[in-house]
Amino acid sequence: MIRAILFDKDGTLTDFRATWEAWMPGMIADLARASGQDAHVIARGFGFDLAAGTIRPDGLFVTAPGHVVAARIAELIGWRPRDVSAWLGPRTAEVPQVPVDGLPALMRRLRSAGLTLGVLTNADTAEAAHHLERIGVRDAISRIIGCDSGFGAKPDPRGAADFADALGLRRAEVLMVGDGTTDIAAARGAGLPVIGVLTGTLDAATLSCETDAVLPDVTHLPEWLATRGLAIPAA
């Protein structure tokens, strides 16, 4: 029986491409002006295709925590990593998040079923809390584990493991839900079952290789949980 759910944030509770792809060209252009570096060079560092206007699934912006992204961009533009972080931080914090349709209602339903909900993200904890507040689900989340929480960034499994252990649950009782390979690796390393969702940058074929199931988005969780014997109250 699943007793708790640990969600990734970007691309899982939110639509990754709808949230970030419209913002990135302007940010890259601003950083190019500020640094005097070519915008295409900066875009490649993030893993963004300027011509197509899309984020690459294997790019650092998808796969790495903020400090790793900042270090790579710093190498490209000749700034210190902390200066890149200081420039990017306030901008990423204010990007309007595009939640999955029906997300607040889903979270209320899951809580009503007695499930404990958490978030494991490669964003900073404060930024994650700010974004979750903005999309109306912060109060449903019992714990946010960011990349600065002392467990390392995903795919490091320690954050996922500690979430289960701190609740006194068996690892098999805690479900990880994510959109990327780092989520899957963190879950598997911690011994958690894991479900993939298609609101990130990866397709079903890629996610299905390592997950217990692939869902279109998190609002399909009640139906999947029902197959595991857990009835979720209607909205």
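**Notes on a predicted protein model**

1. At 29% relative accessibility, Pro99 counts as partly exposed, because the partly exposed class covers what lies between the buried limit of under 20% and the exposed limit of over 50%. The model is a predicted one, and in it Pro99 sits in the loop that runs between H6 and H7. When its neighbours within four places in sequence are left aside, Pro99 is in contact with Leu13, Thr14 and Ile135. Its C-alpha atom is 13 Å from that of Asp8, although Pro99 and Asp8 are 91 residues apart in sequence.

2. For the protein as a whole, the secondary structure amounts to twelve helices and eight strands, and the C-alpha trace spans about 60 × 35 × 30 Å along its principal axes. The radius of gyration is 18 Å, which agrees with the value near 18 Å that a compact globule of 235 residues would have. Of the 235 residues, 50% count as buried. Among the contacts with a separation of 6 or more, 62% are made by residues that are 24 or more positions apart.

3. The accessible surface of the protein comes to about 9900 Å², and carbon and sulfur atoms account for 52% of that surface. As for charge, there are 22 positive and 28 negative side chains, with the centres of the two sets 4 Å apart.

4. Helix H7, which covers residues 103-112, follows the loop that holds Pro99. Its buried residues are Leu103, Leu106, Met107, Arg109 and Leu110. Seen down the axis of H7, these buried residues fall within an arc of 160 degrees, so they line one face of the helix. A general rule helps in reading such a pattern: an α-helix has 3.6 residues a turn, so residues three or four places apart point the same way. On the other side of H7, Arg108 and Ser112 are exposed, while the buried residues of H7 pack against strand S1 (4-7), strand S4 (116-120) and helix H12 (221-227). After H7 comes Gly114, which has a positive phi, near 90 degrees.

5. Helix H3, made of residues 39-46, can be read in a similar manner, and its buried residues are Ile42, Ala43, Gly45 and Phe46. They cover an arc of only 155 degrees around the axis, which puts them on the same side of H3. The partners against which the buried residues of H3 pack are helix H2 (24-35), strand S2 (48-49), H4, helix H5 (66-77) and helix H6 (81-93).

6. In helix H10, residues 181-190, the buried residues are Thr182, Asp183, Ile184, Ala186, Ala187 and Ala190. Their cover includes helix H4 (60-63), helix H9 (158-166), strand S6 (174-178), strand S7 (194-197) and helix H11 (204-208). H10 is followed by Gly191, and the phi of this glycine is positive, near 80 degrees.

7. Two loop residues may be read side by side, beginning with Thr201, which is placed in the loop between S7 and H11. Thr201 has a relative accessible area of 11% and is therefore buried, since buried means under 20%. Apart from its neighbours within four places in sequence, Thr201 is in contact with Phe16, Arg17, Pro57, Val62 and Asp179. From Thr201 to Glu127 the C-alpha to C-alpha distance is 21 Å, and the two are 74 residues apart in sequence.

8. The second of these residues, Arg56, is in the loop between strand S3 (54-55) and H4. With a relative accessible area of 35%, Arg56 is partly exposed. Its contacts, again leaving aside neighbours within four places in sequence, are with Arg44, Gly47, Phe48 and Val62. The C-alpha atoms of Arg56 and Arg138 are separated by 29 Å, and these residues are 82 residues apart along the chain.

9. A last point for a careful reader concerns the backbone, where the peptide bond joining Lys154 and Pro155 is cis, with omega about 20 degrees. Pro155 is found in the loop between strand S5 (143-145) and H9. As general background, most residues other than glycine have a negative phi, and most peptide bonds are trans.

Terms used
Residues numbered from 1 in each chain as written. Predicted model: local features only at pLDDT ≥ 70, side-chain atom pairs only at ≥ 80, totals over all residues. Heavy atoms only, no water. Helix = DSSP H or I, 4+ residues; strand = E, 2+ residues; numbered from the N terminus. Rg over C-alpha atoms; globule rule 2.2 N^0.38 Å. Buried < 20%, exposed > 50% of the residue type's maximum accessible area, 1.4 Å probe, protein only. Contact = heavy atoms within 4.5 Å. Areas by Shrake-Rupley, 256 points an atom, 1.4 Å probe, with all protein chains shown as cover. Lys, Arg positive; Asp, Glu negative; His and termini not counted. Charge placed at Lys NZ, Arg CZ, Asp CG, Glu CD. Arc of directions from axis to C-beta.
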